[in-house]
Amino acid sequence: MDESGHPSLLKYERELATRTVSLSTFESVLCSIFILAALSGNSLVLWIVYKNRNLRTIPNQFVISLALADILMAAICAPPCLSILIAGTRTFGSFVCQLQGFAIAALACVSLLTMTLVAINRYFLIVRPQTYQWLFTPRKTKAMIVMIWLLSCTEPLPYLLSGHRYEYHAGKVFCFQVLEVDFYTLLGYVYVALPVVVLTSCYYVVFKILRQHQERIRSLRKSNRSSTHRVSVEDINVTRTLFITVCGFLICWLPISIVDFIGFGQGSWLLPRQVYLMYTFLGQLSTTINPVIYGVMNKTFRDEYKRMLCSLSCWCGCGRRGEASFESDDSQHDTRLSRCSII
């Protein structure tokens, strides 16, 4: 079966093949940057959590799940897109096409369901703290995350088992489900709509309670009384960090869903090629932003970033100075290394 058989896709193949050299270079470089940023940034997050025992918390189990999903998305799904942008034509066969379509659907579902579980976790922590202690133990949280990964792998199955196959979309430069409005093509969006409703509802209640908590704390301070139940500053900061992670994900993926629904509504792919390529780049961008959010919002991650970057710069600087002068005094070399470690 030819996965690029939809007539409305032929014009995008021609536009892709006839790009200018400068445009081709720009798109390829941008795609490469997203891949490298996703792989390096999320790998750094995993390394920091592994290295620092203080970061092995229940919220960071969700961070690990998101980082793994983003790494797999960048490692499995993005390279075929890059090869198309470089070559100006499709570079892979049917097997890679189906693997890419399956992986994109499953891994996007992993990220969304993980963030939904994060919202549920924050809900019980802030609204029902007694139940939280019983429900979200380290072992139970790991089991929930494993269930999310298994459930996400079932998301593409109804579509594939119904006889549908992913087709190559030259505008998006990856393989996507066919443009047919039926139960199986729309079922995947149920996996999107229900989690979005749940996480939106949970965060609405959470921030409503936090606002009431802050007002209560201010009133207690004025009356010099103490509160028997307090939400810690750390819990509030973690909640805000995870909420911004959700916002970053939704900012990237809501336009993607809108573009798809426009296609289903029109019954054809009629938008400009640049819109579909932006669609792809937004999906890649979503795999790169979480490490940045952790660095900006979380002091522990930020300190670890600084420490690792400082160690790397000191190591490179010491190495360059060592190559420039092989006869440098050993004591001076040891002093430089000690300064790097102190920083």
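## Buried charges and crossing helices

Let's start with E27: this residue is buried, having a relative accessible area of just 4%. (Buried means under 20% relative accessible area, exposed over 50% and partly exposed in between, using a 1.4 Å probe and protein chains only.) You're looking at a predicted model, where local features need pLDDT of at least 70 and side-chain atom pairs count only at pLDDT 80 or more, while totals for chains, interfaces and linings use all residues. Numbering runs from 1 along each chain as its sequence is written, and side-chain values use heavy atoms, with hydrogens and water left out.

**The overall picture**

- The chain's secondary structure comes to 13 helices and two strands; these are DSSP runs numbered from the N terminus, with helices being H or I of at least four residues and strands being E of at least two.
- Of the 343 residues in the chain, 47% are buried.
- Take the contacts between residues at least 6 apart in sequence: 77% of them join residues at least 24 apart. (A contact means heavy atoms within 4.5 Å.)

**Salt bridges**

- Side chains of opposite charge can pair when their charged atoms come close.
- The count here is three salt bridges, each being a side-chain nitrogen of Lys or Arg within 4 Å of a carboxyl oxygen of Asp or Glu.
- What does E27 pair with? One partner is R19, with N and O 2.7 Å apart.
- R19 counts as buried too, at 13% relative accessibility.
- R273 also forms a salt bridge with E27, and here the closest N and O atoms are 2.8 Å apart.
- That second pair links distant parts of the chain: R273 belongs to helix α10 (residues 273-286) and E27 to helix α2 (residues 21-51), 246 residues apart.
- Both R273 and E27 are buried.
- Put these pairs together and you get a network of salt bridges linking R19, E27 and R273.
- Over at D260, a salt bridge reaches K172, with 3.0 Å between the closest N and O atoms.
- D260 lies in helix α9 (residues 233-266) and K172 in the loop between β1 (167-169) and β2, so this pair ties together parts 88 residues apart in sequence.
- Are D260 and K172 buried or exposed? Both are buried.

**The β1-β2 loop**

- V173 is in the loop between β1 and β2.
- V173 has a positive phi of about 55 degrees, even though this residue is not a glycine.
- At 0% relative accessibility, V173 counts as buried.

**Cysteines**

- How many disulfides are there? The count comes to one, where a disulfide is a pair of cysteine sulfur atoms within 2.5 Å.
- C97 and C175 are the partners, with 2.0 Å from S to S.
- The angle about the S-S bond is -120 degrees, which goes with a left-handed link between C97 and C175.
- C97 is in helix α4 (residues 94-126) and C175 is in strand β2 (residues 174-176), so the pair ties together parts that are 78 residues apart in sequence.
- C97 and C175 are both buried.
- C109, on the other hand, is in no disulfide, and the nearest cysteine sulfur, that of C153, is 9.0 Å away.
- C109 counts as buried, at 5% relative accessibility.
- C247 is partly exposed, with a relative accessible area of 28%.

**Helix against helix: α3 and α10**

- Helix α3 (residues 58-87) packs against α10 at an angle of about 150 degrees, with the axes 10 Å apart. (Axes are lines fitted to C-alpha atoms, for helices over the stretch in contact, and angles run from 0 to 180 degrees between N-to-C directions.)
- That makes α3 roughly antiparallel to α10. (Angles over 145 degrees count as roughly antiparallel, under 35 as roughly parallel, 65 to 115 as roughly perpendicular and the rest as oblique.)
- The crossing of α3 and α10 is left-handed, meaning the near helix is turned anticlockwise from the far one by less than a right angle, with clockwise being right-handed.
- Residues making this contact include D70, A78, C81 and L85 of α3, plus R273, L277 and F281 of α10.

**Helix against helix: α4 and α6**

- The axes of α4 and helix α6 (residues 138-154) come within 8 Å and cross at roughly 145 degrees.
- This time the crossing is right-handed.
- Which residues of α4 and α6 make the contact? Among them are F102, C109 and L113 of α4, and M144, W149 and C153 of α6.
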